[in-house]
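Here are a few exercises to work through with the model open beside you. Try each task before reading its solution.

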Amino acid sequence: MIIDDIICEIKSNASEDYAKFHRMMIQSESGYGKGDLVMGCRMPDLRKIAKKYCNGLSMDDLRNLLQSAYHEVRTLALIIMVQKFQDEKLRKDIVQMYLANTKFVNNWGLVDISAHHIIGKFFGSNDKIFDQLSDSNNLWENRIAIVATLFFIKQNDFRLTLRLCEKFLKHPHHLIHKACGWMLREVGKKDESVLVNF
């Protein structure tokens, strides 16, 4: 029932005008996001709904939400996973769920609101998970790997970011180059000389 309530609330906050814009932004009608279903609910509204239902959701509920065909439902699931990740007792379960369901973390916005908060925060910068994700043939796992390094950048640890940016120099997809550019910009905010030397 709670999942039905959440979906109804998302739909009640949706706008077809915004849905058209968002479909274009995530290329859900053609391109890398093709086939993704979009209701048209804005992020501030999703965050309000997530806050309302966060405490009442089980891990099974979250998994069901994360596997939804609707982009906004998956977004809400990831927002709640990040919130629940603050509880150290839940961190391992959330990471396992995240990594087992990366095929549903399948657009740049979904990666960008979650990867550094969950994967970056849970693993050390030398952990083999970053090689597994960056070696994957899955575009979104590649993006998870590089965006997750934002956590380390904030700790003034740039080594993994620079290693992955070098690894991705010849990556075939522009969304990886954009993510690398974003991370390098964040490095430059912390230490411009490191960025210039790279």
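**Exercise 1: Charges**

Work out how many positive and negative side chains the protein chain has, and how far apart the centres of the two sets lie.

Solution. This is a predicted model. Counting Lys and Arg as positive and Asp and Glu as negative, you should find 28 positive and 24 negative side chains in the protein chain. Next, locate the centre of each set: the two centres lie 2 Å apart.

**Exercise 2: Overall fold**

Determine which secondary structure elements the protein chain contains, and why it can be called as compact as a globular protein of its length.

Solution. Begin with the elements: there are 14 helices and zero strands. Then turn to the radius of gyration, which is 17 Å for the protein chain; the globule rule gives 16 Å for 198 residues, and because the two values are close, the chain is as compact as a globular protein of that length. For the extents, the C-alpha trace spans about 55 × 40 × 30 Å along its principal axes. Finally, check burial: 51% of the 198 residues are buried.

**Exercise 3: One helix and its cover**

Find which residues of helix H4 (residues 59-66) are buried, and what covers them.

Solution. Apply the cut-off first: buried means under 20% relative accessible area. In H4, Asp61, Leu62, Leu65 and Leu66 are buried. These residues cover an arc of only 135° around the axis, so they sit on the same side of H4. Now look at the cover of the buried residues of H4, which includes helix H1 (2-12), helix H5 (71-84) and helix H6 (91-100).

How values were computed:
Residues are numbered from 1 along each chain as its sequence is written. This is a predicted model: local features need pLDDT of at least 70, side-chain atom pairs count only at pLDDT 80 or more; totals for chains, interfaces and linings use all residues. Side-chain values use heavy atoms; hydrogens and water are left out. Helices (H or I, at least four residues) and strands (E, at least two) are DSSP runs, numbered from the N terminus. The radius of gyration is taken over C-alpha atoms; the globule rule is 2.2 Å times the number of residues to the power 0.38. Buried means under 20% relative accessible area, exposed over 50%, partly exposed in between (1.4 Å probe, protein chains only). The place of a charge is taken as NZ of Lys, CZ of Arg, CG of Asp or CD of Glu. The arc is that of the directions from the helix axis to the C-beta atoms. Contact means heavy atoms within 4.5 Å.
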